[in-house]
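Please open the structure in a viewer and keep the selection tool at hand. The tour below proceeds from one selection to the next.

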Amino acid sequence: MAIRKVVKIGETSLRKKSKPVKDFDEGLWELLDDMKETMYHCDGMGLAAPQVGVLRRAVVIDVNNAYVELINPVILTSKGEDTEEEGCLSVGKFRGRVVRPMQVTVKAQDRFGFEFTLTGEKWLARCMCHEIDHLDGILFVDKSLDKEKYIKNGGKI
């Protein structure tokens, strides 16, 4: 396992749509292990493959000491609404309020290619949405209610 460099806002790869994972092999397992180590090293709750420069639909999340890997995730359902402050390892120190669903159900595959569904509430739901957005080139600052504050402080969207 290795700690990878986290891609920062402004780098074009963060705005590209990721391709589906097709090979569930040692290369994927190494990527997932490296992403997990990088996320923990950076004190994050989640990390998407594009954040380490890999345009594949893979996400690692750890909310409340519950680690999960989502490969090729798709949000099936969402319920409710929740507004909380978010940050991002690719954005830096800026934090902004974002409206997300209170509950989401995601269909994904594990590192071996087996399909499963996962329902998360509150922070797990928020984190799943945040990381899945990364797979489509969307950053939380794009959805932040505090977007103007970000722009005024020199950030670019």
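The stops that follow cover the sheet, its helix and a set of salt bridges in this predicted model.

**The sheet.** Select the strands β1, β2, β3, β6 and β7, which form an open antiparallel sheet in that order. At the edges lie β1 (46–48) and β7 (115–121), each of which pairs on one side only. From one strand to the next, the twist averages 40 degrees. Now add α1 (26–41): this helix packs on the sheet and touches β1, β2 (58–63) and β3. The direction of α1 makes about 40 degrees with that of β2.

**Inside the sheet.** Select β3 (residues 66–79) and β6 (residues 103–109), antiparallel strands joined by 6 bridges. One position to display is S78, whose bridge partner in β6 is V104.

**Salt bridges around D82.** Next, show the side chains of D82 and K122, which meet in a salt bridge at 3.1 Å, N to O. K122 belongs to the loop between β7 and α2 (123–135) and D82 to strand β4 (residues 82–88), so the pair ties together parts 40 residues apart in sequence. D82 is buried, at 8% relative accessibility, while K122 is partly exposed, at 28%. Add R126, which forms a salt bridge with D82 as well (3.3 Å, N to O). R126 sits in helix α2, 44 residues from D82, and both residues are buried.

**The wider network.** Move to R100 and E86, a salt bridge with its closest N and O atoms 2.8 Å apart. Both residues are buried. Finally, select D82, E84, E86, R100, K122, R126, D133 and K143 together: salt bridges with shared partners join them into one network.

Key: Residues are numbered from 1 along each chain as its sequence is written. This is a predicted model: local features need pLDDT of at least 70, side-chain atom pairs count only at pLDDT 80 or more; totals for chains, interfaces and linings use all residues. Side-chain values use heavy atoms; hydrogens and water are left out. Two strands pair if DSSP finds at least two bridges between them. Helices (H or I, at least four residues) and strands (E, at least two) are DSSP runs, numbered from the N terminus. Axes are lines fitted to C-alpha atoms, for helices over the stretch in contact, and angles run from 0 to 180 degrees between N-to-C directions. Contact means heavy atoms within 4.5 Å. A salt bridge is a side-chain nitrogen of Lys or Arg within 4 Å of a carboxyl oxygen of Asp or Glu. Buried means under 20% relative accessible area, exposed over 50%, partly exposed in between (1.4 Å probe, protein chains only).
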